[in-house]
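Please open the model in your viewer and keep the sequence panel beside it, so that each selection can be followed in both places. The tour moves from one selection to the next and says what is found at each stop.

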Amino acid sequence: MLAEYLPPLLFLIVAAGIGIVLIIVGNVLGPKRPSPEKLSPYECGFDAFENARMPFDVRYYLVAILFIVFDLEIAFVFPWAAVFRDLGAFGLIEMGTFLVLLVIGFAYVWKRGALEWE
């Protein structure tokens, strides 16, 4: 029974070995020309403004989470559109219900002021 685990184990050992060898070769043979620009913190094309440990506004995270939620919900629309003709009226009603709930959620978030940025 343990013989069945030999091929995956061998694959993991070879993959880890190749990864380690490539990292070592890159560090040994790669150019090493540090400069103040290369060693400085980089933040979206600008010099770092303040300490990296300064707290972020909660609204930043809220907008990011809302983007992910709405992006994932829209991802459900594409498969539905691909099989729309096969689903018929039932599929149309179900997607309509889904989109109405999505719009209600968006209106709630908008009404609560979560999308406002000062």
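## A tour in four stops

Begin by selecting Tyr 60, which is found in helix H3, and keep in mind throughout that this is a predicted model. Is Tyr 60 buried, partly exposed or exposed? Its relative accessibility is 47%, and because the buried class lies under 20% and the exposed class over 50%, Tyr 60 counts as partly exposed. Now add Trp 117 to the selection: Tyr 60 and Trp 117 are separated by 57 residues in sequence, while their C-alpha atoms are 9.1 Å apart in space.

Next, show the whole protein as a cartoon, where you can trace five helices and two strands, arranged along the sequence in the pattern α-α-β-β-α-α-α. Of its 118 residues, 7% count as buried, and about 11000 Å² of the protein is exposed, with carbon and sulfur atoms supplying 73% of that area. Among the contacts with a separation of 6 or more, 53% are made by residues 24 or more positions apart.

For the third stop, select helix H5, residues 84-111. How far apart are the end C-alpha atoms of H5? They lie only 32 Å apart, although a straight helix of its 28 residues would reach 40 Å at 1.5 Å a residue. Zoom in on Phe 90, where H5 bends by about 75 degrees. Then colour Gly 91, Met 95, Leu 102 and Val 109, which are the buried residues to look for in H5, and display helix H3 (58-75) together with helix H4 (77-82), since both are included in what covers the buried residues of H5. Following the chain onward, you come to Gly 113 after H5, and the phi of this glycine is positive, near 85 degrees.

Finally, turn to helix H1, which covers residues 6-29, and select Val 25 within it. Val 25 has 39% relative accessibility and therefore counts as partly exposed. Extend the selection to Ile 20, Val 21, Ile 24, Val 28 and Leu 29, which together with Val 25 make a nonpolar surface patch of about 590 Å²; switching on the surface display for these residues lets you view the patch as a whole.

Notes:
Residues are numbered from 1 along each chain as its sequence is written. This is a predicted model: local features need pLDDT of at least 70, side-chain atom pairs count only at pLDDT 80 or more; totals for chains, interfaces and linings use all residues. Side-chain values use heavy atoms; hydrogens and water are left out. Patches are made of residues with over 30% relative accessible area and no salt bridge: like charges are joined within 9 Å, nonpolar side chains (Val, Leu, Ile, Met, Phe, Trp, Tyr) within 5 Å. Accessible areas come from the Shrake-Rupley method with a 1.4 Å probe; for residues, only the protein chains shown count as cover. A salt bridge is a side-chain nitrogen of Lys or Arg within 4 Å of a carboxyl oxygen of Asp or Glu. Helices (H or I, at least four residues) and strands (E, at least two) are DSSP runs, numbered from the N terminus. Buried means under 20% relative accessible area, exposed over 50%, partly exposed in between (1.4 Å probe, protein chains only). The expected span of a helix is 1.5 Å times one less than its number of residues. The bend at a residue is the angle between axes fitted to the seven residues ending there and the seven starting there. Contact means heavy atoms within 4.5 Å.
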